[in-house]
Amino acid sequence: MKQRYIGLAICIGFVFNALQAVAQLGYTDEMTLENDTLHKRVEVAFRTMDKQDLLGGVSVIDVEEMTEKAYTTYSLNFVENLIGGVNGNIWGMDEYLVVIDGMVRDANNVLPTEIQQITVLKGPAAVVLYGSRAAKGVIQITTKRGKIGDPSIRVRANSGIHTPKSFPKYLGSAEYMTLYNEARVNDNLDPSFSIEDIYRTASGDNPYRYPDLDMYSSDYLRKAYNRSEAIAEISGGNQRVKYYTTTGYYRENSLLKVGNSKDNYTSRMFVRGNLDVNVTDFLKVQADANVTFYDSYTARGDWWSNAATLRPNRVAPLIPLSYLEENDIPSWNTINTSNNLIDGQYFLGGTQLNPTNPIADSYAAGDDKFVSRQFQFNTRFDLNLRSLLEGLHMRAKYGIDYASTYNQGYSNEYASFAPVWTNYAGSDMIASVTQYGTDRKSGNENISNSAYRYTYNMAAQFDYTRTFDSDHNVFAMFVANAWQRQQSGQYHRLTNVNLGLQASYNFQQKYYVDFSSALPYSAKLPEGNRLGFSPTITLGWRPVKEDFFGDSAFDDLMLTASAGIVNQDMDITADGNEMGYFIYKSILQRGGWYSWADLGGEAATEFQRGENPNMTFVKRKEVNLGLRGSLWNQLLTFDVNYFAGKMDGDLARVNSLYPIYFTQVGYPTSSIIPFVNYNVDDRSGFDFSLYLNKKVSEVDLTFGVNGMYSSSKAAKRDESYEFDYQTRIGQPLNALWGLQNLGFFNDQADIDASPEQQFGETRPGDIKYKDQNGDGIIDSNDEVFLGRWDTPFRLGLNFTAKWRQFTFFAMADGFYGGNGMKDNSYYWVRSDNKYSEIVRNRWTEETKDTATYPRLTTTNGANNFRSSDFWMYDSDRLNLSQVQLTYDIPETALQGTFVKGISLYVSGYNLLTISKERKHFEMNVGSAPQTRFYNFGVRGTF
């Protein structure tokens with residue numbers, strides 16, 4: 001299979017190089033530069049239009065221009081910063097659709113260097129033509145295409161280093177053992193570790209007998225690791241054929257340097273080719289292809305997960321052979337059976353409780369390589385029907401994507417050895433060893449986790465564009481759109497099918513009206529309800545063209561108002577049925593429980609849900625207002641949008657609509673209540689994009705401020721809360737709910753005088769909670785709204801300064817108004833967890849007045865480790881995301897050479913976080929650390 005894909009990539013490169021040669025041979029006398037107005041064209045749903053004619057709810061980024069001053073590795077890195085309205089979602093919704101060259105695809109399979117433009121479609125009128133699956137917004141990516149002109153070769157090379165921001169800080173063995181003893185005493189248990197063992201461990205005289213394992217040590221981790229990349233682009237063309245092809249490769253290693261993990265790497269190679277052919281003066285054809293090879297090799301074992309859980313005193317992973325007595329024949333015989341004597345000096349340590357460990361895994365457990373192969377092809381035909389009607393076109397496109405993934409590698413078993421220590425004449429020696437496990441290598445390469453994904457895209461349309469009397473601009477389009485995705489392990493295919501109709505008119509680019517609509521079809525719904533109607537209407541007005549506006553400071557000013565209803569089936573899902581098919585059907589199953597005694601163990605028949613033949617689409621209902629323009633000869637440009645709407649008809653099983661006997665409680669549970677369209681969510685907010693452009697002496701300055709504020713609240717729910725303060729109606733969808741803490745219990749008298757807490761035994765040093773309802777008991781009825789875990793306000797700042805051949809660019813991202821919970825294992829230290837440095841501030845009798853952490857416990861700590869404002873933090877922060885300095889070598893220095901331009905640049909990424917919770921935001925627990933990336937790059941044009 002690998003050879004087949006490599007051959008395919010070679011063929012693609014050969015085809016486009018051949019086309020380049022063809023283009024050079026013909027029509028050279030007609031070569032001209034393309035009109036500059038092309039740069040003002042914007043790709044929107046199924047059409048390209050002038051930027052000045054965009055109505056509200058659409059933003060655009062010129063990625064090709066951005067990559068000249070800001071190198072980045074991910075296609076969407078600029079989106080949230082350079083425009084307003086995107087914060088991991090579009091206008092506060094989730095699951096936006098990504099469309100690349102008109103095809104539904106993944107954003108991570110196209111690089112910024114391949115992209116011409118990104119358009120973000122936010123409002124209902126902007127997305128409706130794409131159908132149901134686009135109801136929550138669309139990010140539309142347009143890749144580069146060939147341009148009329150001489151062949152151009154662009155080469156870019158980058159190399160940089162990743163350095164870790166921070167590591168979690170855990171206690172060493174001696175301190176852990178001391179505090180674990182304290183935890184046991186707190187629970188009225190005997191200490192686990194003797195004072196002598198703790199002393200010996202703290203001394204560090206023999207870390208093999210008294211282990212003190214630090215998996216973040218420089219013994220195992222590099223200070224930095226490299227990422228390098230090279231990309232080449234070739235483009236050109238003439239009036240008949242235009243071509244663009246690019247290929248590239250990157251490779252990145254990892255922080256780990258122990259055993260086979262020192263060879264860990266991730267690599268990606270790709271080839272893309274885009275071809276435009278004017279077959280005749282009325283027929284144009286496009287053909288695009290892309291192939292991607294992605295590999296990620298690792299030594300077996302989960303290093304970072306173990307680093308967060310493996311206690312430091314549990315095992316010495318490598319033990320020197322020198323601790324074995326020369327005459328201890330039985331021990332030597334046992335050790336010599338191992339195939340894994342490391343560097344001839346160490347054997348693999350283990351215990352009965354930990355027969356394996358991540359260091360030994362890196363040497364002996366084998367390896368694993370994740371393999372991903374993607375092939376994408378699409379073609380488009382544009383037929384000019386002016387012989388029938390001036391301005392009429394028929395267009396059709398088809399695309400097919402195939403992706404396959406699998407893991408391959410060797411999985412080995414290995415023996416580890418637990419030494420029994422003794423002391424001779426004051427020196428520690430190994431008296432004997434116990435073997436756990438055996439060395440076993442099958443020699444067979446394992447292929448596992450095979451998966452595939454097919455995606456088909458099809459669309460056909462008639463569109464009509466005409467200008468009458470130089471004033472009346474008319475556009476109309478009828479489109480049929482469909483795409484379908486099939487994945488391994490899923491019986492049903494994910495499908496989007498719709499018809500679309502658009503009719504637009506503007507008078508002198510001054511008054512605008514647009515009607516866009518869709519007829520989505522969904523097989524998730526019962527027959528009779530599978531076809532929906534999604535209408536939108538948009539009005540626009542450019543007052544600067546009015547006579548009364550006169551000679552004002554405005555270069556341009558555009559006001560828009562839009563309203564629409566978009567039917568979607570994205571939220572037609574239920575627990576255990578994420579694809580969402582047949583949820584309207586009842587489920588009657590046999591075998592949910594079994595009888596006994598006289599019934600002889602017969603299986604029962606029970607309902608899991610009832611039928612709803614009236615289930616229909618969930619509806620996005622929304623109104624948008626937009627204002628954009630510029631002032632004082634582009635000194636200031638602005639784009640502001642307000643949105644208010646609701647998501648109406650989310651599915652729920654509504655108990656209040658049905659008699660109580662529709663549900664059987666207790667064992668066995670059974671219900672004939674169906675899913676119905678019931679829940680309603682309200683959503684509102686605004687986005688903004690402001691740019692200041694000013695030339696000061698020889699320096700061109702640009703400063704951008706972009707952002708969004710959004711609020712999403714539950715407007716309608718079926719609830720039965722006893723207390724009003726627990727209602728979800730009117731509260732944010734991403735709400736944090738929990739108990740309010742009142743500090744720690746100081747003593748038993750404090751516990752006796754307080755409401756009874758129903759979360760297990762309570763002792764001094766445990767967290768005390770507020771009794772919200774005054775019933776004298778602390779339980780789930782005392783949970784209240786604490787905050788929202790998302791960030792409602794998103795801010796993007798960017799700055800560009802250009803002086804002669806130097807260009808400086810900086811980008812920062814702000815997040816405000818949200819909260820979070822410190823609820824991972826680093827903070828919730830209980831039972832036999834690894835102890836982080838956070839426990840040093842624990843409650844004890846001596847520290848009761850200054851403690852910031854509850855008492856230690858070896859139990860599950862159910863009273864303390866639960867959702868409450870004790871663990872809540874403010875998530876406000878500002879990240880310095882990217883800084884780059886570029887130097888363009890003067891053209892005069894390159895005269896007389898085949899080189900048209902060379903640029904050198906240095907850049908840094910994820911450099912700084914400004915927040916009172918900076919340490920928390922920069923720390924990963926159970927996964928590879930966050931890094932800062934420092935890069936040097938060179939770009940050349942030939």
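The following exchange concerns salt bridges in a predicted model.

User: Why is the contact between aspartate 276 and arginine 145 called a salt bridge?

Analyst: The closest approach of the two side chains is 2.8 Å, N to O. The cut-off is 4 Å between a side-chain nitrogen of Lys or Arg and a carboxyl oxygen of Asp or Glu, so the pair qualifies.

User: What makes this pair a tie between separate parts of the sequence?

Analyst: Aspartate 276 belongs to strand 11 (residues 265-278), while arginine 145 sits in the loop between strand 7 (138-143) and strand 8 (149-164); the parts so joined are 131 residues apart in sequence.

User: Is aspartate 276 buried or exposed, and how do you know that?

Analyst: Its relative accessibility is 11%. Buried means under 20%, so the residue is classed as buried.

User: What makes arginine 300 and aspartate 368 a salt bridge?

Analyst: Their closest N and O atoms are 3.8 Å apart, and the limit is 4 Å, so this pair also counts. Arginine 300 is in the loop between strand 12 (283-299) and helix 7 (303-307), and aspartate 368 is in strand 15 (residues 366-384).

User: Which burial class does each of these two partners, arginine 300 and aspartate 368, fall into, and why?

Analyst: Arginine 300 has a relative accessible area of 24%; partly exposed covers values between 20% and 50%, so that label applies. Aspartate 368, at 16%, is under 20% and therefore buried.

User: How many salt bridges does the structure hold?

Analyst: The structure holds 50 salt bridges.

Definitions and conventions. Residues are numbered from 1 along each chain as its sequence is written. This is a predicted model: local features need pLDDT of at least 70, side-chain atom pairs count only at pLDDT 80 or more; totals for chains, interfaces and linings use all residues. Side-chain values use heavy atoms; hydrogens and water are left out. Helices (H or I, at least four residues) and strands (E, at least two) are DSSP runs, numbered from the N terminus. Buried means under 20% relative accessible area, exposed over 50%, partly exposed in between (1.4 Å probe, protein chains only).
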